[in-house]
Every structure is written in structure tokens, then in C-alpha cells.
Amino acid sequence: MNVAELCKKTGWDIKAGNGAEEITSAYVCDLLSWVMAHGQHGTAWVTVQTHENVLAVASLHGFSCVIIPEGIELSESFIKTADEKSITVVAVPCSSYGAAAVLNSLGVGEVS
């Protein structure tokens, strides 16, 4: 399943990027160094962090998307940078736990 298909199934909102990336796993974490050590290509990363270092980490590993939970507002700068780096950013109304539960219910497993 790619990010656009995920958003169609869930009603989640793509804020940046095109959503064409395939999701191979999911990871929920807010500590950037931890995500850098454990992330992998194709990961859908759920985080409450909304500064531009998030985009650097997502780009480093080729994550499928960054999922921002709880309706957290994104700055225009964050969205613009994500678009420039071709990183899909998805906004969701639920908590990080809720996002992970939805991903799991759709067959997306955790990072191995």
C-alpha cells in the first residue's frame, strides 16, 4: 500500500508530497537520534516533532512518510521544505497510538 492509498482508506490528509511511496513498516518515536538508528527505507514514521530536522531524518532513510498526529499544526516552512525534499507529510487527528493502531489494522508491521 502506498501513502495515498492509506490516506484514501483512513481519511488522513496529505499536507506535503505526493503519497506515491510504498509503506513497508511503521515506527513511532519522537527522539530523532533513536529514529536515525532504527528507521529503514519505506517506514511510515509517526512523530509529534514538527521542526525541519524531522525532514532531514526522513530523507536520510527514505521514509515513505512522516505522520503528524493529534491535529498538530504545521508551519508553512515545514510544508514547503517537505515538498522541496519530496517527503510526504500526513496530518492525522488521532494520537500517535491511534495512528499506529490504524497502520497495524491495515497490515503495516513494525520496523524489524
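Q: Where in this predicted model is Thr81 placed?
A: Thr81 sits in helix H4, which spans residues 76-84.

Q: Why is Thr81 called buried?
A: Its relative accessible area is 13%. The cut-off for buried is under 20%, so Thr81 is classed as buried.

Q: Which residues does Thr81 touch, not counting residues up to four places away in sequence?
A: Thr81 touches Glu52 and Leu55. Contact requires heavy atoms within 4.5 Å.

Q: Which residues of H4 are buried?
A: Phe78, Thr81 and Ala82 are the buried residues of this helix.

Q: What puts these buried residues on the same side of H4?
A: They cover an arc of only 100° around the axis, and therefore lie on the same side of H4. In an α-helix there are 3.6 residues a turn, so residues three or four places apart point the same way.

Q: What do the buried residues of H4 pack against?
A: They pack against strand S1 (13-16), helix H3 (52-61) and strand S5 (89-91).

Q: Which exposed residues does the face of H4 turned away from its buried side carry?
A: That face carries Glu76, Lys80 and Glu84. Exposed stands for a relative accessible area over 50%.

Q: Which residue just after H4 takes a positive phi?
A: Ser86 does, with a phi of about 55°.

Q: How do you know that Cys29 is not in a disulfide?
A: The closest cysteine sulfur to that of Cys29 is in Cys65, 15 Å away. A disulfide needs sulfur atoms within 2.5 Å, so this separation is too far for a bond.

Q: What makes the sulfur of Cys65 too far for a bond?
A: Its closest cysteine sulfur, in Cys7, is 7.1 Å away. Set against the limit of 2.5 Å, that distance is too far, so there is no bond. By this rule the count of disulfides is zero.

Q: Are Cys29 and Cys65 buried or exposed?
A: Cys29 has a relative accessible area of 14%, and Cys65 has 0%. Both values are under 20%, so both residues are buried.

Q: Why is Gly109 called partly exposed?
A: The relative accessible area of Gly109 is 33%. This value lies between the 20% and 50% cut-offs, so Gly109 is partly exposed.

Q: Where is Gly109 placed, and what is it in contact with?
A: Gly109 is in the segment after helix H5 (96-105). Leaving aside neighbours within four places in sequence, Gly109 is in contact with Ser25 and Ala26.

Definitions and conventions:
Residues are numbered from 1 along each chain as its sequence is written. This is a predicted model: local features need pLDDT of at least 70, side-chain atom pairs count only at pLDDT 80 or more; totals for chains, interfaces and linings use all residues. Side-chain values use heavy atoms; hydrogens and water are left out. Helices (H or I, at least four residues) and strands (E, at least two) are DSSP runs, numbered from the N terminus. Buried means under 20% relative accessible area, exposed over 50%, partly exposed in between (1.4 Å probe, protein chains only). The arc is that of the directions from the helix axis to the C-beta atoms.
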